[in-house]
Amino acid sequence: MAMLTKAAIDGYKEYTRADIAYARYKIGNTYYRAEIQSKDYLADGRLAVKILIDHPAPGNLTISEIQLFDTNNNLWLSKPENIMREDVTAGILYRFTFDFHEN
């Protein structure tokens, strides 16, 4: 059985970091774009992708989905959510983490 080398796994991590371009979040039936705030490696080697959801509409709202897109505008990841925002002055910092390893 072949095993990926550390260099191969690091290459997949770096490719993923470079290829994720932007996010979208869903409120009701509408998607809104959110920019990536950072793409950093954590001390344990995982990749952390942070987005800031700073929706300008007043009042309570519920975010039902968050998506990531690649540099070619292809949907890369979709995650259902149920995040409620109760204060118009508060943004939501959301973080995806990706762990790369071979089983």
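**Note on the aromatic rings and the core**

1. The charged end of R33 sits over the ring of Y22, 3.8 Å from its centre; a charge counts as over a ring if NZ of Lys or CZ of Arg is within 6 Å of the ring centre and within 35 degrees of the ring normal. Similarly, R24 lies over the face of Y31, at 4.4 Å from the ring centre.

2. This is a predicted model, in which local features need pLDDT of at least 70 and side-chain atom pairs count only at pLDDT 80 or more, while totals for chains, interfaces and linings use all residues. Residues are numbered from 1 along each chain as its sequence is written, and side-chain values use heavy atoms, with hydrogens and water left out.

3. Searching the whole structure gives 5 aromatic pairs (rings of Phe, Tyr and Trp, the last by its six-membered ring, with centres within 6.5 Å; planes under 30 degrees apart are stacked, over 60 edge-to-face, and the rest tilted). Y22 and F69 are stacked because their ring centres are 5.0 Å apart and their planes at 0°. Both residues, Y22 and F69, are buried, meaning under 20% relative accessible area (exposed is over 50%, partly exposed in between; 1.4 Å probe, protein chains only).

4. F96 and F98 are also a stacked pair, with 6.3 Å from centre to centre and 15° between the planes, and both are buried. Together with W76 and Y94, F96 and F98 form one aromatic cluster.

5. F96 touches, among others, L47, V49, I66 and L68, leaving aside residues up to four places away in sequence, where contact means heavy atoms within 4.5 Å.
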